[in-house]
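I opened this entry to keep track of what I looked up. The chain is shown first, and my notes follow.

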Amino acid sequence: MEKDLIEYIAKSLVDDPSAVSVTAAEGERGPVLQLKVAESDIGKVIGKYGRIAKAMRTVLSASAARDGNHYSLDILD
């Protein structure tokens with residue numbers, strides 16, 4: 001569910017929604033969702049001063065906490 005949530009938010013923000021992909025991986029501190037977008041859309045997903053990325057991480061944390069989980073979000077180049 002969290003993977004779908006991040007994918008939906010990212011596709012709503014970018015110009016090229018077909019280039020959005022979210023994969024789940026295991027990181028050092030637990031499960032990690034890796035978001036990949038087109039190179040021209042990276043700024044739209046990160047936002048000014050990282051505000052959009054921070055908001056996406058906050059929504060992800062709130063959604064995962066409902067189920068007792070914890071996820072991290074990485075935005076890949």
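**Strand pairing**

I began with K36, whose bridge partner in β3 is L76. Strands here are DSSP E runs of at least two residues, helices are H or I runs of at least four, and both are numbered from the N terminus. I treat two strands as paired if DSSP finds at least two bridges between them.

Before going on, I noted the ground rules. This is a predicted model, in which local features need pLDDT of at least 70 and side-chain atom pairs count only at pLDDT 80 or more, while totals for chains, interfaces and linings use all residues. Residues are numbered from 1 along each chain as its sequence is written, and side-chain values use heavy atoms, with hydrogens and water left out.

Next I checked the sense of the pairing. β2 covers residues 30-36 and runs parallel to β3, with five bridges between them. I also found V32 opposite S72 of β3. On β1, A25 has V32 as its bridge partner in β2. So V32 turns up in both lists. Strands β1 and β2 run antiparallel and are joined by seven bridges. One of the pairs is V22 with L35 of β2. A hairpin of two residues takes the chain from β1 to β2.

**Faces of β3**

Which residues of β3 are buried, and which are not? I went along residues 72-76 and found that the side chains alternate. L73 and I75 point to one face and are buried. S72, D74 and L76 point to the other face and are not buried. Buried means under 20% relative accessible area, exposed means over 50%, and partly exposed lies in between (1.4 Å probe, protein chains only).

**End of β1**

I then looked up G27. This glycine lies in strand β1, residues 21-27. G27 counts as partly exposed, at 29% relative accessibility. I compared its position with D15, which is 12 residues away in sequence. Their C-alpha atoms are 29 Å apart.

**A64 in helix α3**

A64 sits in helix α3. Is A64 buried or exposed? A64 is buried, and its relative accessible area is 0%. I listed its contacts, leaving aside neighbours within four places in sequence, and got E2, N69, H70 and Y71. Contact means heavy atoms within 4.5 Å. E2 is 62 residues from A64 along the chain, yet the two C-alpha atoms are separated by 6.7 Å.

**Y49 in the loop**

I looked for Y49 and found it in the loop between α2 (42-46) and α3 (51-66). Its phi is positive, about 60°, although Y49 is not a glycine. For background, most residues other than glycine have a negative phi. Y49 is exposed, with a relative accessible area of 74%. From Y49 to D4 I read 25 Å between C-alpha atoms, across 45 residues of chain.

**Whole chain**

How many helices and strands does the protein chain have? I count three helices and three strands. In sequence order the pattern is α-β-β-α-α-β. The radius of gyration is 12 Å, close to the 11 Å from the globule rule for 77 residues, so the chain is as compact as a globular protein of that length. That radius is taken over C-alpha atoms, and the rule is 2.2 Å times the number of residues to the power 0.38. Along the principal axes, the C-alpha atoms fill a box of roughly 35 × 20 × 20 Å.

I noted that 31% of the 77 residues count as buried. Among contacts between residues at least 6 apart in sequence, 51% join residues at least 24 apart.

The accessible surface comes to about 5,000 Å², and carbon and sulfur atoms hold 51% of that. Areas come from the Shrake-Rupley method with a 1.4 Å probe, and for residues only the protein chains shown count as cover.

Last, I checked charge. The chain has 10 positive and 12 negative side chains, and the centres of the two sets lie 7 Å apart. Lys and Arg count as positive and Asp and Glu as negative, while His and the chain ends are not counted. Each charge is placed at NZ of Lys, CZ of Arg, CG of Asp or CD of Glu.
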